[in-house]
Structure formats: structure tokens, C-alpha cells
Amino acid sequence: MPIVAQSTETTDWVSRFADEVIEESERRAPGKPVVVASGLSPSGPIHLGNLREVMTPHLVADEIRRRGYQVRHLISWDDYDRYRKVPAGVPGVDESWAEHIGKPLTSVPAPKGSTHANWAEHFKAAMIESLAELGVEFDGISQTAQYTSGVYREQILHAIKHRGDIDAILDQYRTKKAPAKKQQGQKPVDEAELEAAEGSGAAGEDDGSSASAGYFPYKPYCGNCEKDLTTVTSYDDDSTELTYACTACGFSETVRLSEFNRGKLVWKVDWPMRWAYEGVVFEPSGVDHSSPGSSFQVGGQIVGIFGGKQPIGPMYAFVGISGMAKMSSSKGGVPTPADALKIMEPQLLRWLYARRRPNQSFKVAFDQEIQRLYDEWDRLDAKVADGSVLPADAAAHSRAVRTAAGELPRTARPLPYRTLASVADITAGHEDQALRILSELDPEQPLTSLDEVRPRYDKAEAWINTHVPAEQRTIVRDEPDAELLKSLDEASQQSLRLLLDGLAGHWSLDGLTHLVYGVPKVQAGFSADATPKELPAEIKTAQRAFFALLYHLLVGRDTGPRLPTLLLAVGQERVRALLGE
């Protein structure tokens, strides 16, 4: 066991869980690597809510690695689950995929145009790429490979031998039985519950109670149509001979389960079996697993049949996005980690998961809120740099920017996201114009290449192009608004003259900020350097009116990007023309 000092970051949730996991691992398996786990079902796009299933154990595992311990973070790809339904909103998929419902996910064709071998591999690939960008180190386990190669054969036979014990545990939680015959227009109870289930593992499986040969915790996939719409009709414990019939195609066969690798344990038995098989010490689960009779609660009893113990781990709250309700994997169109990483750096996304305790819900911003989040992140970055940061915030920042393996790649000159977004908006893809504007932000340290502000600039540009409505995009006027200029009163004309007179001497981001806020102060007889405390409340009203006038003259709207950035983007010569000089 490594002799490593406990982390000094004792105020954050990750360190507290790391303490508990190390202690529990030493109690269960002294001297062996600590095992934490996640489970993901590639039944469709793996969304940002599912990412919490991975980030929670990742952050804990990474803290344990930082302390010098060996850790395995397992990600079980539940790719041997049944294909439950055709998800909405998936490109290259239509209702013809309904014919595959009931097959293993690895036996369903990938969406049209995909280069991947099957449905599961298609959706796994995007998640694997995102996890690499996020710095998540893991051991992936394909449940298709585990089951079809016979890895779990002993565990399957053991579960069937003790099916009476498993049935007795499950029966404690059964409140209503599925009807023997489905009435027209009515779903069987277990199917309706499964469709409402959330998260990995509730992947379209009943608890095995529907077998006509009595309770049976194993579902064969049909040897003819590959679907799991099968019923076990007989089983011999001595020979392991199993007979099943398929309700989908009518096929029936008898096999020896000791040699048969085309089926799987039902979910409420499969999950605890894997806890015992892998020696999992820590695995979080969604709040939907906290109710009596849920997979996690029942699994805590069933795992003992396999000689194991239930992992410790928190129930985690749901993740949403700005302007949308709780995510559900049963509906298409929900954002994925790849979608988020197109518009934000991995450090910011890691920080969102690290700074909130697992039982706290939060939102990932795809709207204007992303600019505020980036401002908050940059302020935290500055506090870390000057040593004024609070311990818990320092811990969350550290977990966001680095892992035990080292620092994540970052933007060399992280200019404000809202500034980069404004520049990308105004220049509409013209990189030479973007570089001109950004190089004028700080004349003392001019930018020499856009590479200095990448990847943040590219993320901001992607956000502008994909998440800002066309009516909110910035289009600079081609010609001065002669009618508006002619209608201005003397005070408005004076404010424009003051601005134009100061342009040349204030042509930088800080200089123009001072200038545009200072013009209304000077007009009212105050110094341009006067602080808000020294000014009457009317000055704010005058500033708002002045800003609105500039926006109308420059872009024909009441609002737009921050004025200093907009002025730099438009350029001195064009600004002077549009303001009537």
C-alpha cells in the first residue's frame, strides 16, 4: 500500500469520496487496485446526463491516482442489451429500424452513412472520442464480448442454480404482476416501466418472472431472428439443457447452457453479478435507482448470492441544458458531450461536473449563458493565479485543468469568450479580419496568430454559427443611416463628436471601454474617470441611451456585441463614416 499523504483538498466532495473508497477498498481487497465503475448503454446518442455516470467515478479515481494508488475505472458498454425502440431525431435512421427491436445492440445496423460495424459501435465511437478529449482514462468492457465468449458462464449457471433465492428477493418488491395476456392497446406492466426507466442498465429487460418454466433470470436471444422475445419452457439443472420458444418468429430449440453463449442475465441480476465479478468498490447511480425495488436497491441484496458486496457511491442528480428540462435518453435531440465540446473547452466542461456535488443538479449552457459561465471560469483562473482562491474552488479548478497524467491542452492566450464570439460573429469566417481585430485588443502585446487563441476561438466561432439565431447575428451597416443622423438633437450630435475625437487616442479594448463609458460622463460635466459612486443615477440612463444610438448607427439594432469589441471589429475608418463624420 502506498505511503501517500492524504490530499489537503479536504473541503471538496471528490476528496471525501476518495477517502471512503480507499478505506473500503483496503477492507475488501487489500493491496489490490481500487476498482470504480460506470455503465453506458449505446442505445442511441450518449448525452450529457450520461456523462455524469462517467465523470463522478473518473474524478474520484483521478484523485486516488494522484495519491499514488493503482486504480481501474471500468466502463461497461451495455452493448448486449436489447434494442428497445427507434430513437427520434437520429440522422440516417428511419422507422425501418423497428424491425430490429429485440436484437442485441451489436446486431442492429448502424445508421445510414456510418462507417461503424453496428449500432452500438456507432454511438460508442463518439463517446470514446469525447472522453479522450476530456482526459478520462478508463478500461472499456464490451458486454457483447463478455457474454458471447463465455466469460460469464459460471456466473450464469450459478444464478440459475440459485434462481429461487433471487426470485424471493425480487418478490419482496413486486407490487403488481404483468397480465398473462395483453389487452388491446395496453402495454404489459414491465414494458411500460422499462420505457420510463432512465440511465444505463434499465435497458429494456424484465426481471425474468415471465418464463413459463417458473422464474428464470436469463434471456436467450433467438437462434433464428436474434430477438430476445423468447420464453424458457424447460430447464434441467443436472444437464443444463434449456428449451426456449421465440414469440416473434416461432422458432424453438433445446441447448446446453453450459455450452451456450447467446443470451444474458436479466438486468436486475446482471448488474450485481458484475459488481461481484469485477470487485467494484465505487459506482454512482442515478436518482431513478434510489426507489424501493430499483435495480440498485435490489442489486444490493442479489450481489450476496454471487459472493460480492454492493459498491458504495452516491445517487447523482440529473443534468439539464439552458432552457430545457431534464434530459432523457429515450428522446432524440438531446446534446451529447461531443456537442458540448464543439462550443467549450474540455476544462470548462470538466469544471461543471467537478464543482457540483453529485446530488446537485446543474445545467450545461448552449445559449447566451455560456458567456457568463466563461466569465466565471476566467475569474476563477485569475484567482488561482494570484493565490486568492478558496480551497474548494482551487480543488475544482485543479480537477478541471489536469488529471494525474498531466495538464490538459489549453488555449495559450485565453481572451474572453464573449469577445471572441463577438469577433467571430462580426467577421463571419474571415480569419484575416478576425486577426486584425484581435491584434488591436492589446496594442502592447498584439496577437500575431489566431493559433494563440485556439482552441477557444474555434469553440466561440462554432457557438456563434450553430447556437445563435440568425436574427441575433451582427450585420454591420453598409451605408450611414442618413435619416437618423439628420434627426439627432444637439446633445446626441455632441456625444458622437466626443466619441469620434477620442477614437484615435483610445484605439484598444481598454481604451475604447474607457471612452464609450466616459462620453456621457463628460457631457454631464464630470470627469471621464469618475466612479459610479461619484455620479448621479441619471448617468446610467444617459449611457444606455448613448449605447443604443451607437448600435442603431452601426448595426441597426438596439443591442449587439460589446461596443468596444464592435468598434474594433468595424475599424476606425468605417466607424467614422457610419457615425456621420
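A crossing is right-handed if the near helix is turned clockwise from the far one by less than a right angle, and left-handed if anticlockwise. I wanted that wording at the top of the page, ahead of my look at two packed helices. A reminder to myself: this is a predicted model.

**Entry 1: α19 against α21**

I began with helix α19 (residues 509-523) and helix α21 (residues 563-570), which pack with their axes 8 Å apart and at an angle of about 120°. That angle makes α19 oblique to α21. With the definition above in hand, I noted the crossing of α19 past α21 as right-handed.

Next I asked myself which residues of α19 and α21 meet. From α19 they are Leu 509, Leu 512, Thr 513 and Val 516. Their counterparts in α21 are Pro 564, Thr 565, Leu 567 and Leu 568. I sorted the residues of this contact by character and got six nonpolar, two polar and no charged.

**Entry 2: salt bridges within a helix**

No charge in that contact, then, and I went looking for charged pairs elsewhere. The structure holds 43 salt bridges, and I picked a few to follow up.

Arg 66 and Asp 62 join their side chains in a salt bridge, 3.0 Å from N to O. Both sit in helix α2 (residues 48-66), and because they are four residues apart there, about one helical turn separates them. Is Asp 62 buried or exposed? I found Asp 62 buried, at a relative accessible area of 4%, while Arg 66 is partly exposed at 28%.

Over in helix α3 (residues 119-133), Glu 121 and Lys 124 are three residues apart, so about one helical turn lies between them. They form a salt bridge whose closest N and O atoms are 2.9 Å apart. Here the acid, Glu 121, is partly exposed with a relative accessible area of 29%. Lys 124 counts as buried at 6%, since the cut-off for buried is under 20%.

**Entry 3: a pair from distant parts of the chain**

I then turned to Arg 454 and Glu 431, whose side chains meet in a salt bridge (2.8 Å, N to O). Where do the two partners sit? Arg 454 is in the loop between α15 (431-439) and α16 (456-467), and Glu 431 is in helix α15; with their positions 23 residues apart, the pair links distant parts of the chain. I looked up accessibility too: Arg 454 is partly exposed at 22%, and Glu 431 is partly exposed at 41%.

My last note is on a network: Asp 12, Asp 19, Glu 63, Arg 67 and Arg 399 are joined into one by salt bridges that share partners.

Definitions and conventions
Residues numbered from 1 in each chain as written. Predicted model: local features only at pLDDT ≥ 70, side-chain atom pairs only at ≥ 80, totals over all residues. Heavy atoms only, no water. Salt bridge = Lys/Arg side-chain N within 4 Å of Asp/Glu carboxyl O. Helix = DSSP H or I, 4+ residues; strand = E, 2+ residues; numbered from the N terminus. Buried < 20%, exposed > 50% of the residue type's maximum accessible area, 1.4 Å probe, protein only. Axes fitted to C-alpha atoms, helices over the stretch in contact; angles between N-to-C directions. Parallel < 35°, antiparallel > 145°, perpendicular 65-115°, else oblique. Contact = heavy atoms within 4.5 Å. Nonpolar A, V, L, I, M, F, W, Y, C, P; charged D, E, K, R; others polar.
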